[in-house]
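The following note sets out points for a colleague who is examining this model at the bench. Each point is a short paragraph and may be read beside the coordinates.

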Amino acid sequence: MRSLCIPITKPMGRTLPSILVCLVVTGLIVTGCARNPVTGQQDLVLMSEETELGLGREYNAEVLKTYREYDNRALSGYVQQIGERLANNSHRSNLVYRFTVLDSADVNAFALPGGYIYITRGILAYLGSEAELAAVLGHEIGHVTARHSVRQQSAQTLTGILGGILAAGSGVRGAGDLVNVLGTALVRGYGREYELEADRLGAEYLAKSGYDPNAMLRVIQQLKDQEAFEEQLAKEEGREPRIYHGLFATHPDNDQRLKEVVGAAGRFSTTGQTSNGRETYLRQIDGLVFGDSEQDGILRGNRFYHGPLGMTFAFPTGWRVENRPDRLVVQPPDGQASLLVTLEDLNRRISPRSFMQKRLKINNMSKGAAFNHNGLTGYTALARGSTPFGSRLTRYIVVYHEKRAYIFAGASKDDRKFGSYDRMFLATARSFRPLRAHEKQLAKPMHLRVITAKRGLTFKKMATTSKLSSRPEAQLRLLNGRYPSGEPVARSVLKIVE
């Protein structure tokens, strides 16, 4: 905070706004300081612990509206057990921690205020031992114990107050925005320190819990390999990469500070022996869903299969698909068009045209037409609509299937090029049909399986029978910590994808 106050209050050019800034900062420091649970020092915190816990409860409810919990009670209990073991050795062991496995293929983990910590099945697939799982959870616990989210919020609040004072006092348009920019840079700087502090705390909690602190370094290397491979694969497939947030996965290979804080954690070991737990961990993730889930639908080539909804349809070849919890976003490689696919429950027996008018509130339709494809009724029309590109000419298509309406809304960035994409929007909707009996297996997800390597087994041989469609040999190496060129060791436990 001093870096904001000292330059403003130098004797030269001392003005009323600068004096007010110092008075406000001083007042906030006097009334807003709290003891840091980790360091014992005073931090500028503008939020009570009760408010912090309340925000955690509120945001947890929002997270669980967006993501499903992964349906595996044994695995969830295992993650909770490891998390509690670490939390009991943390600086805020008085909190009740909740560790939730999310049913998401994204490679991620994150924490909310008050002890709500989430880890995706996507990142679980790439971890190789219980110690590495503990490293990820310990890192996130570190964010909670050091109250990083609260301290960040306090810094943002203070910079907003300073910006308002400067803007009002100087009469210069945009002065507030300038301070907000400086504040954002400050918060990002704190963010880097926060990540390193979370690494340090995570390593300490690992050591106190009987794990090898160096698991933190192994996780980071594994995630760096995963990130490099995922970015290349995503580029080839025309989609956004699924990589772990923040600096935990992007420390430089030669990050001496990280190595120092991890190495220093060894002094917290209470037994002199450390646990790795590789085979225990691999048994727990045996059968883990890998990639798209059955509940979200499975993309195979350019066709989408959804077992629970009993439907399938095809996208234009080469277009990229983003499978979000509430919609599918489909775009051509150049990103110059977008097709959104959503669904809504039907409550009244109305025609697709009436549904478009009454439920979607589209009243400026033109060139409307009813249709019947694959035994399903629908309606299509053109209208001006709100799109990712702003207000654009949009192709709307509604298809009825069972008790739901499937809505296709396609637009191009340039209205003048709409015609070249419109035929593909229509073709996608026309391909929509009920799932056939022999296709139900195609709507099933892939799973991780654990095997024991036989002598002479190679990743190239494993790739020939794998269900992985993109670079299976490289993916299998990555999943087993042998990327980019390692090979299996006889009698070692390996992950495969079936």
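**Notes on the predicted model**

1. R200 has a relative accessibility of 29% and therefore counts as partly exposed, the range for that class lying between 20% and 50%. The structure is a predicted model. The side chain of R200 meets that of E197 in a salt bridge, with an N to O distance of 3.6 Å. Both residues belong to helix 8 (residues 175–208), where they lie three residues apart, about one turn of the helix. E197, in contrast to a partly exposed residue, is buried, because its relative accessible area of 13% is under 20%.

2. As to the chain overall, the protein has 15 helices and 19 strands. Of its 498 residues, 49% count as buried. The accessible surface comes to about 24200 Å², and 50% of this belongs to carbon and sulfur atoms. Among contacts between residues at least 6 apart in sequence, 63% join residues at least 24 apart.

3. Side chains of opposite charge can pair when their charged atoms come close. The count of salt bridges in this model comes to 24. One of them joins D103 and R68, whose closest N and O atoms are 3.2 Å apart. D103 lies in the loop between strand 3 and strand 4 (109–112), and R68 in the loop between helix 3 (49–66) and helix 4 (73–87), so the pair ties together parts that are 35 residues apart in sequence. D103 is buried, with a relative accessible area of 9%, whereas R68 is partly exposed at 33% relative accessibility.

4. A further salt bridge is formed by D414 and R416, with the closest N and O atoms 3.0 Å apart. R416 counts as exposed, since its relative accessibility is 77%. Elsewhere, salt bridges that share partners join E49, E52, R92 and R147 into one network.

5. Which side chain of opposite charge is nearest to D225, and how far away is it? The side chain is that of K224, at 7.5 Å; D225 is buried yet has no salt bridge. The cut-off for such a bridge is 4 Å, so a separation of 7.5 Å does not meet it. D225 is found in helix 9 (residues 215–237). Leaving aside residues up to four places away in sequence, D225 touches L478 and Y483.

6. T100 is placed in strand 3 (residues 98–102). With 12% relative accessibility, T100 counts as buried. Beyond residues up to four places away in sequence, T100 touches L64, E69, I117, Y118 and I119. The C-alpha atoms of T100 and G83 are separated by 9.9 Å, the two residues being 17 apart along the chain.

7. Strand 13 (residues 366–373) pairs with strand 14 in the antiparallel sense over six bridges. Within this pairing, F371 stands opposite G378 of strand 14. The two strands form a hairpin with two residues between them, and N374 in the turn has a positive phi of about 55°.

8. Helix 13 (residues 418–430) has 13 residues, which at 1.5 Å a residue should span 18 Å; its end C-alpha atoms are 18 Å apart, in agreement. Its buried residues are F418, Y421, D422, M424, F425, L426, T428 and A429. These buried residues pack against strand 9 (311–314), strand 12 (337–345), strand 14 (376–387), strand 15 (390–401) and strand 16 (404–412).

Key. Residues numbered from 1 in each chain as written. Predicted model: local features only at pLDDT ≥ 70, side-chain atom pairs only at ≥ 80, totals over all residues. Heavy atoms only, no water. Helix = DSSP H or I, 4+ residues; strand = E, 2+ residues; numbered from the N terminus. Buried < 20%, exposed > 50% of the residue type's maximum accessible area, 1.4 Å probe, protein only. Contact = heavy atoms within 4.5 Å. Areas by Shrake-Rupley, 256 points an atom, 1.4 Å probe, with all protein chains shown as cover. Expected span 1.5 Å × (residues − 1). Lys, Arg positive; Asp, Glu negative; His and termini not counted. Pairing = 2+ DSSP bridges.
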